[in-house]
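This report considers one buried arginine and its surroundings, followed by the pockets and the nonpolar cores.

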Amino acid sequence: LAALAIGIPAVMLWKSSSKSIVKVERFVNPFNPRRRTRLFWIASVAIMFNSLATYPLVNLLLPVFMNQRLQYSYIAIGVLFMLYYAISAGATWISVEHRLGWGRAAGLAFVSVTASIFLGGSGLIFPAALLILAFARGYGVGYFEHTVLRVAKDSKNLSLDIGMLHAPMRLAE
């Protein structure tokens, strides 16, 4: 009720003002998804599938698997994830420093799939596969960032476009 009471004088002032007040269309237009190119939305969907390929597995399922099936302690799980993210960060740095191409992408896909197959193993196979997957995922971030840069580089509203590019991924997560 208080907001409504404040809104009435604001609307009256808006109607009677001779000065140009920011139009709603001018504010809402940049949010219109139809103003984005087809390439923008294809990249957004690709980013979404990239995230869905790793996020649920690594952040939700693997810790439970490690505890319940492999009988890892919480400390062991924490140390493995610390190593996972350290290796992933190093691989991201390497990917930014090197040229990205189709050959590297194919190699990265092969390494990712192979490491994922061995995640079901126990003993030393699981930690090795997890850390190899960490490298592949970290290196893949270079492709992810390159895609974002390429699609949004000529944007008039860079932050808004990057946010909209990530929106389907966040909704899927």
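## Basis and numbering

Helices here are DSSP runs of H or I of at least four residues, numbered from the N terminus. The model is predicted, and the descriptions that follow should be read with that in mind.

## R36 and its surroundings

R36 is placed in the loop that lies between α2 (24-28) and α3 (38-68). Is this residue, R36, buried or exposed? Its relative accessible area is 12%, and because buried means under 20% relative accessible area, R36 counts as buried.

The side chain of R36 makes a polar contact with the side chain of D161, at 2.6 Å. When residues up to four places away in sequence are not counted, R36 touches D161 together with P30, W41, L160 and M164.

## The second largest pocket

The second largest pocket has a volume of about 360 Å³. It is lined by 15 residues, of which R35, R36, S155, K156 and D161 are the closest to its centre, and both partners of the polar contact between R36 and D161 are thus named in that group.

Helices α3 and α6 each supply at least two residues of the lining of the second largest pocket, and α6 gives the most to this lining, with three residues. By residue class, the lining of the second largest pocket divides into seven charged, five nonpolar and three polar residues.

## The largest pocket

The largest pocket has a volume of about 1200 Å³. Among the 34 residues that line the largest pocket, those closest to its centre are N50, G140, Y143, F144 and T147.

At least two residues of the lining of the largest pocket come from each of α3, α5 (102-117), α6 (125-152) and α7 (158-172). The lining of the largest pocket comprises 20 nonpolar, 10 polar and four charged residues.

## Nonpolar cores

In soluble globular proteins, nonpolar side chains tend to be buried together. The largest nonpolar core in this model has 16 residues, and within it L62, M66, Y72, L119, F126 and L130 touch the most other members. Helices α3, α4 (74-97) and α6 each supply at least two residues of this core, and α6 gives the most to it, with five residues.

Apart from the largest core lies another core, of 10 residues, among them F40, M48, L160 and L165; one of these, L160, is also touched by R36. Returning to the largest core, Y72 is in contact with M66, N67, I77, L80, G123, F126 and P127, leaving aside its neighbours within four places in sequence.

Technical notes:
Residues numbered from 1 in each chain as written. Predicted model: local features only at pLDDT ≥ 70, side-chain atom pairs only at ≥ 80, totals over all residues. Heavy atoms only, no water. Buried < 20%, exposed > 50% of the residue type's maximum accessible area, 1.4 Å probe, protein only. Polar contact = N/O pair within 3.5 Å; in protein donor to acceptor, adjacent residues only side chain to side chain. Contact = heavy atoms within 4.5 Å. 1 Å grid on protein atoms, 1.4 Å probe; cavity = no way out; pocket = protein on both sides within 12 Å on 5 of 7 lines; lining within 4 Å. Points joined across faces, edges and corners; volume = space filled by probe spheres on them. Nonpolar A, V, L, I, M, F, W, Y, C, P; charged D, E, K, R; others polar. Core = buried A, V, L, I, M, F, W, Y, C linked by side-chain atoms within 4.5 Å.
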